[in-house]
Amino acid sequence: MIQLLQGGAYLVGGTQIIEDTQEAALAIENKTGKKVTKAEAAKQTIAYGILESHNTSGSMDKLRIKFDKLTSHDITFVGIIQTARASGLTKFPVPYVLTNCHNSLCAVGGTINEDDHMFGLTCAKKYGGVYVPPHQAVIHQFAREMLAGGGSMILGSDSHTRYGALGTMAMGEGGPELVKQLLNQTYDINMPGVVGVYLTGEPVKGVGPQDVALAIIGAVFKNGYVKNKVMEFVGPGVASLSADFRIGIDVMTTETTCLSSIWQTDDAIKEFYEIHGRKEEYKELIPGEVAYYDGMIMVDLSKIRPMIAMPFHPSNTYTIEELNSNLLDILDETEKRALVSLDGAVEFSLKDKVRDGKFYVDQGIIAGCAGGGFENICAAADILKGSYIGADGFTLSVYPASMPVYMELIKNGCAASILETGAVMKTAFCGPCFGAGDTPSHNAFSIRHSTRNFPNREGSKLQSGQIASVALMDARSIAATAANKGVLTPATEFDGELNRYQYHFDSNIYANRVFDSHGVADPDVEIQFGPNIKDWPAMGALPENLVLQVVSEIHDPVTTTDELIPSGETSSYRSNPLGLAEFTLSRKDPQYVGRAKAIQKAETERMAGGHPCTVLPQLKDVMGVIKKTFTEANHTNTGFGSTIFAVKPGDGSAREQAASCQKVLGGWANIANEYATKRYRSNLINWGMLPFLIEEGELPFSNLDYLFIPEIKKAVEEKSDEIKAYTVGQEGLTEFVLRLGELTDEERQIILKGCLINYNRV
């Protein structure tokens, strides 16, 4: 189904792939009658043109991007606006949409969630933004319907900010990157590689966008084929896909760890904009006659079959047919992987769900930015029609992605077809994707057309002895399974008709409910605060030297942001930095918070003019060892804080809190063999944390060890490639080497100042 070229490739005329070999230039000349260099051809990708039009640096090697529009939801916009306010924000300089789709239930923490919403509404009025009330739309569906535009760029504080199918290059980043845009600063990156995704054929009946997406993710995640690159979808197969189908594939590109995505556009996308009353936003986008790609993923859509991503990652993919044919072997393998993911904290089993050779699941969910689209739900309704999910333990919930989609499902009868089965229709809400809605029972197995299936992301709590798990599937196969009363069933076994439904967008729903300032700020508006909305605590500048205690050591192959700061019920505290920090690593390393706070007390005492040893006596011995070699080191020039080691941290969400929670607990650094995503590393930097790298192999330190990093401030200032560090032992210091990787001049200044707030403070 999927083939990856080992090197780069040229796309000629949009239909012929020529691999980057010594014979490529001659083959291209024979085909086109022109000599084309690789450098010239690289400028002919769609991605290059969009990036060039938004770059302000004058150099296409070092980009400084200004985005056209911004978007956030209600577990990120409070912190973003609070940070920008502390830096002098007076008006949103570009359209900024504040949606309310994560904490929209207002079910946890008294008035906490609705206070955040009112904060957002009053800020939209004060600074000139757009406010989308709870239950109206999930962040990305509203952006598709109302924000996207051909050739434009959108930055969102949610990792699934992907609107490439509509001709918009969109990126999901941590909140500080949006703060920079609000302060008229730029998004600074090296020119990313561009990988072509060449589509041929067309999907067979029963195969949906999630199936295609999971097949691609399974092929490229583990080998890092598209990591921090742009995925550009091209080829004749694009025309066989509807706009909704393309959107469903596109949103899942985040799970490949790519930087962004873009698609060639055609009449199907033109019609999408026309349906939504924004025909002027359409722009035809196609690669040039000869375009060069740094890699090529070739996808034969006709060979894709219904897929399932087993716990606990979207890349753990199989065809459903393969799973059913090798059931006990694959379930046993999944249980063994769980021992690593869950650290053996609870007993996890799947084989007990096999009865008479069939795999029974407990729950189905079709929801959010991936599953809640119009065509997905219509197809599910056709498959479910005339069936009943039964009166046993299996449940099915369907969340349309926006109120306009919901209204059309009511008008065309699909909502009734779903409700007649015993399933439940709910409003636009992202909760099932991150553990704030439809949390399964203990040891239950849920199949979901959503975006992620990380450990405990569905809402169970290891610290309470709970476990449940999620597999990702397409809405069509979820419906086929539901019609079969929970027996895992691919939609290709459905022998009925899947109808084509025409979508009609009702713009009045938003016109009558969404607040739109049309860019006009009203400085006289008073921001409405709730008692849970807190300012960021003061953070100090980087000292000359650092003493760090390793307070958590994680050796999993990949550590997700959900493990660094859990989602679910903790989301209610996203507006309270210190309150949320209490949950840091709570499901992965419950000892972390206490250990971080202990060393933080020493730095707090130092910053207040006292002596750190008075609050943490063991530092006297630590400093005694250090001073034998570094005689000038003392508490006036040496800071104290914590660090964690993880092999590859930061996969998954863009949430800045995965870094900021460590920072407000006194974290000064992460040490890793590799960072899973660019956005997590950026979050560390923007919160003034050092993104250290260390070579793979035996670590020169262990958990709870103290590390000494002399002249770290000087090393950052002088752009040192290697930084000498020392493990502090009873017998003396043991030297090892850390690296910081490439940092821009601005990033170095942010680290030196202690955080982005300090860097921008007026």
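**A helix pair and a five-stranded sheet**

In this predicted model, helix α24, which spans residues 657–664, packs with helix α25, residues 678–686, at an angle of about 30 degrees, and the two axes lie 8 Å apart. Because angles under 35 degrees count as roughly parallel, α24 and α25 are therefore described as roughly parallel to each other. The crossing that α24 makes as it passes α25 is right-handed. The contact brings A658, A659 and Q662 of α24 together with Y680, N683 and L684 of α25, and the residues of this contact divide into four nonpolar, two polar and no charged.

Elsewhere in the chain, five strands form an open sheet of mixed pairing, in the order β1-β15-β11-β12-β13. The edge strands are β1 (2–4) and β13 (260–263), each of which pairs on one side only. Neighbouring strands of the sheet are turned against each other by 20 degrees on average, with direction ignored. Strands of a sheet pair through backbone hydrogen bonds, in either a parallel or an antiparallel manner. In the case of β11 (residues 194–200) and β15 (residues 295–300), the pairing is in the parallel sense and extends over six bridges, and V197 stands opposite I297 in β15.

Helices also pack on this sheet. Helix α3, residues 46–54, touches β11, β12 (230–234) and β13, and the direction of α3 makes about 115 degrees with that of β13. Helix α8, formed by residues 209–220, lies across β1, β11, β12 and β15, and runs at about 35 degrees to β1.

Notes. Residues are numbered from 1 along each chain as its sequence is written. This is a predicted model: local features need pLDDT of at least 70, side-chain atom pairs count only at pLDDT 80 or more; totals for chains, interfaces and linings use all residues. Side-chain values use heavy atoms; hydrogens and water are left out. Two strands pair if DSSP finds at least two bridges between them. Helices (H or I, at least four residues) and strands (E, at least two) are DSSP runs, numbered from the N terminus. Axes are lines fitted to C-alpha atoms, for helices over the stretch in contact, and angles run from 0 to 180 degrees between N-to-C directions. Contact means heavy atoms within 4.5 Å. Angles under 35 degrees count as roughly parallel, over 145 as roughly antiparallel, 65 to 115 as roughly perpendicular and the rest as oblique. A crossing is left-handed if the near helix is turned anticlockwise from the far one by less than a right angle, and right-handed if clockwise. Ala, Val, Leu, Ile, Met, Phe, Trp, Tyr, Cys and Pro count as nonpolar, Asp, Glu, Lys and Arg as charged, and the others, Gly among them, as polar.
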